[in-house]
Amino acid sequence: MNEIDVVIIGAGHNGLTCAAYLAKAGLRVKVVERRQVVGGAAVTEEFCPDFRNSVAAYTVSLLNPKVIADLRLADHGLKIVERRAQNFLPAPDGSYLLTGEGRTLPSVAKLSVRDAEAITAFWRELESIADVLRQLVLRAPPNLVEGFGPSAIREAISALGTANTLRHLSLAQKRDLLDLFTRSAGEMLDERFEHDLVKALFGFDAIVGNYASPYAAGSAYVMLHHAFGEVNGKKGVWGHAIGGMGAIAQALARAARQHGAEIEVNAGVREVIVEKDRAVGVVLDNGESIRAKYVASNVNPKLLYTRLIRGDALPPEFVARIKRWRNGSGTFRMNVALSRLPSFTALAGEGDHLSSGIILAPSLAYMDRAFADARAFGWSREPVVEMLIPSTLDDSLAPQGAHVASLFCQHVAPELPDGKSWDDYREDVADLMIATVDSYAPGFAQSVVGRQVLSPLDLERQFGLLGGDIFHGALTLNQLFSARPMLGHADYRGPLRGLYHCGSGAHPGGGVTGAPGHNAARVILRDHRALFGSR
Ligand SMILES: Cc1cc2nc3c(=O)[nH]c(=O)nc-3n(C[C@H](O)[C@H](O)[C@H](O)COP(=O)(O)OP(=O)(O)OC[C@H]3O[C@@H](n4cnc5c(N)ncnc54)[C@H](O)[C@@H]3O)c2cc1C
């Protein structure tokens with residue numbers, strides 16, 4: 001008997017979620033993490049003396065309520081608070097849109113009465129489809145299998161469950177679902193709204209982590225992907241984890257450890273051990289071997305199959321296809337330490353808008369141009385920036401009177417053209433991002449007293465996010481649901497026996513959801529029980 005049942009590669013929040021569920025069910029679990037801290041992209045660090053912030057992911061909504069409840073994350077210290085306002089979109093002409101409970105309709109009406117009438121219907125449309133997604137995120141999508149046998153029967157039953165969920169939709173909702181899965185957000189928004197800022201509010205969600213124009217087919221799905229979350233039971237709302245996103249990872253790690261899982265940091269995996277078509281353990285960077293009945297991978301699928309497993313241990317067709325797995329979100333991430341709060345020309349002084357997601361991208365045309373510019377030049381010279389100032393909600397992040405802000409910037413090329421390296425342009429682009437905020441909030445640049453800058457290359461180096469892809473693979477139709485990470489492997493099982501996917505490269509994809517970790521744990525437990533009975 002192996003001493004360890006499951007070794008998990010990576011202590012991202014999904015690896016930790018998977019570990020906690022498996023350990024809770026009585027399995028002996030070991031998580032090995034390459035970095036010195038757990039959490040992967042959900043991590044809080046001190047980025048300059050006395051200033052802490054979420055390093056990569058920075059805002060919470062998608063974390064699944066079942067995961068929070070099952071693993072008792074509140075008892076393990078997790079506290080999530082709502083933003084005081086949801087989003088603030090200032091425009092260069094001094095107008096603005098401010099959304100949030102009780103605020104959105106009056107604010108939209110000031111810009112366009114017609115849009116104020118249309119927005120409620122659009123929300124309802126998005127919400128009803130988001131409700132369907134909510135029912136699908138915690139179950140494996142239908143998996144395509146060849147031939148007829150126990151796995152085909154199991155999959156047929158599982159597909160019936162999914163079909164049953166979809167059956168409850170009206171024909172009109174099915175049409176909406178098809179639109180949201182295939183069309184561009186830009187087209188859908190142009191059909192419904194007239195004001196640029198109203199379209200930009202939704203359009204921003206369509207390009208977050210999506211290196212594409214809001215007019216690209218499939219961008220409507222990315223918009224929807226950002227709509228299926230909730231905070232403390234309020235659907236579609238975004239909030240802040242006190243202590244930053246690392247607080248989510250820390251609570252998950254506590255839950256996992258409490259149930260007996262072992263978590264080792266500074267323990268990178270260099271190879272998965274494969275014997276007779278079965279994954280039986282891992283070799284760490286320091287040469288240590290860890291054997292286990294099952295191996296679960298929290299890392300990007302392309303990283304797993306092209307760097308951690310010998311090509312000749314895998315079916316050639318599988319290797320050829322996974323090499324084509326599309327990565328590259330086109331995002332650039334900064335944290336800045338601020339000596340004071342910014343004051344926006346469009347809405348001067350302090351107020352609830354400073355606790356919201358501040359979107360600097362005043363129209364769909366602006367976002368479209370930003371993408372075209374990034375494709376041609378390497379980054380958009382008029383970039384899309386979302387700024388969040390979490391210290392307005394959380395006094396644990398900055399010294400009294402000072403603040404920290406996250407800048408999440410869209411539309412930089414994952415790889416620069418003409419062989420240029422991000423190492424040579426990181427600081428220039430960071431200056432541009434700060435200047436962009438400064439153009440809406442004069443004096444911002446002078447208030448910056450420290451900064452942390454992560455280009456796509458840095459995201460790859462630090463977190464193993466290939467091409468800086470925040471989702472472990474683009475959320476395009478050919479990489480979603482039954483095709484995530486590949487048709488025939490959507491059931492969290494890899495092409496080797498004993499090998500499982502528990503990270504964002506599996507359904508339902510990226511974001512701090514805990515869902516792939518939850519779903520993979522269920523499949524591993526099912527297989528374990530089939531082999532060994534209830535223990
Ligand atoms: C800049 C940025 C901003 C984002 N903003 C948000 C946001 O605001 N809200 C949101 O919900 N989502 C956001 N996301 C997306 C979200 O953070 C990710 O999709 C999610 O955290 C991925 O979780 P994961 O556990 O699947 O993988 P990861 O967090 O990527 O974890 C994988 C782990 O594996 C480890 N690893 C890699 N290679 C090895 C190896 N060889 N051996 C051992 N360990 C290894 C890594 O170090 C890492 O800890 C953002 C992501 C980024 C990068």
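A residue counts as buried when its relative accessible area is under 20%, as exposed when that value is over 50%, and as partly exposed in between. The views below show a predicted model, and the burial classes named in the legends follow these cut-offs.

**View A. The protein as a whole, with 17 helices and 20 strands.** The C-alpha trace spans about 70 × 55 × 50 Å along the principal axes of the protein. A compact globule of 535 residues would have a radius of gyration near 24 Å, and the protein agrees with this expectation, because its own value is 23 Å. Of the 535 residues, 62% count as buried, while the accessible surface of the protein comes to about 20,300 Å², with 52% of it belonging to carbon and sulfur atoms. When contacts between residues at least 6 apart in sequence are considered, 72% of them join residues that are at least 24 apart.

**View B. The ligand and the residues around it.** The ligand has 34 residues around it, and those that come nearest are Glu-33, Val-269, Ile-470, His-472 and Ser-504. Sorted by class, this shell holds 16 nonpolar residues, 14 polar ones and 4 charged ones. The backbone takes part in several polar pairs with the ligand: a backbone N or O atom of Arg-34 lies 3.2 Å from a ligand nitrogen atom, a polar backbone atom of Ala-41 is 2.9 Å from a ligand oxygen atom, and a backbone N or O atom of Gly-511 lies 2.8 Å from an oxygen atom of the ligand. On its own the ligand has 1,000 Å² of accessible area, and the protein covers 97% of it.

**View C. Leu-364 in helix H13 and its contacts with residues distant in sequence.** Leu-364 belongs to helix H13, which comprises residues 364–377. With a relative accessibility of 3%, Leu-364 falls under the 20% limit and therefore counts as buried. Once residues up to four places away in sequence are set aside, Leu-364 touches Gly-186, Leu-189, Asp-190, Lys-199, Gly-203, Pro-214 and Tyr-215. The C-alpha atoms of Leu-364 and Val-198 are 9.7 Å apart in space, although 166 residues separate the two in sequence.

**View D. Thr-17 in helix H1.** Helix H1 runs over residues 13–24 and includes Thr-17. The relative accessibility of Thr-17 is 0%, so this residue counts as buried. Apart from neighbours within four places in sequence, Thr-17 is in contact with Val-67, Leu-71, Leu-252, Gly-514, Gly-517 and His-518. Of these partners, Gly-517 and His-518 carry numbers that fall within helix H17, which covers residues 515–532.

**View E. Leu-105 in helix H3.** Leu-105 sits in helix H3, made up of residues 104–111, and is partly exposed because its relative accessible area is 37%, a value between the limits of 20% and 50%. When neighbours within four places in sequence are left aside, the contacts of Leu-105 are with Ala-116, Ile-119 and Thr-120. Asp-115 lies 10 residues from Leu-105 in sequence, and the C-alpha atoms of the two are 9.0 Å apart.

**View F. Cis peptide bonds that precede Pro-485 and Pro-508.** The peptide bond leading from Arg-484 to Pro-485 is cis, with omega near 0°, and Pro-485 is placed in the loop between helix H16 (456–463) and strand E20 (499–501). His-507 and Pro-508 are likewise joined by a cis peptide bond, for which omega is about 5°. Pro-508 is found in the loop that connects E20 with helix H17 (515–532).

**View G. Arg-72 and Lys-276, residues with positive phi.** Although Arg-72 is not a glycine, its phi is positive, at about 50°. Arg-72 is located in the loop between helix H2 (65–70) and strand E5 (80–82), and, because its relative accessibility is 51%, Arg-72 counts as exposed. Lys-276, also a residue other than glycine, has a positive phi near 50°. The loop that holds Lys-276 lies between strand E12 (269–275) and strand E13 (278–284). With 77% relative accessibility, Lys-276 too counts as exposed.

How values were computed. Residues are numbered from 1 along each chain as its sequence is written. This is a predicted model: local features need pLDDT of at least 70, side-chain atom pairs count only at pLDDT 80 or more; totals for chains, interfaces and linings use all residues. Side-chain values use heavy atoms; hydrogens and water are left out. A residue is near a molecule or strand if one of its heavy atoms lies within 4 Å of it. A polar contact is a pair of N or O atoms within 3.5 Å; within protein, one must be able to donate a hydrogen and the other to accept it, and residues adjacent in sequence count only if both atoms are side-chain atoms. Accessible areas come from the Shrake-Rupley method with a 1.4 Å probe; for residues, only the protein chains shown count as cover. Ala, Val, Leu, Ile, Met, Phe, Trp, Tyr, Cys and Pro count as nonpolar, Asp, Glu, Lys and Arg as charged, and the others, Gly among them, as polar. Helices (H or I, at least four residues) and strands (E, at least two) are DSSP runs, numbered from the N terminus. The radius of gyration is taken over C-alpha atoms; the globule rule is 2.2 Å times the number of residues to the power 0.38. Buried means under 20% relative accessible area, exposed over 50%, partly exposed in between (1.4 Å probe, protein chains only). Contact means heavy atoms within 4.5 Å.
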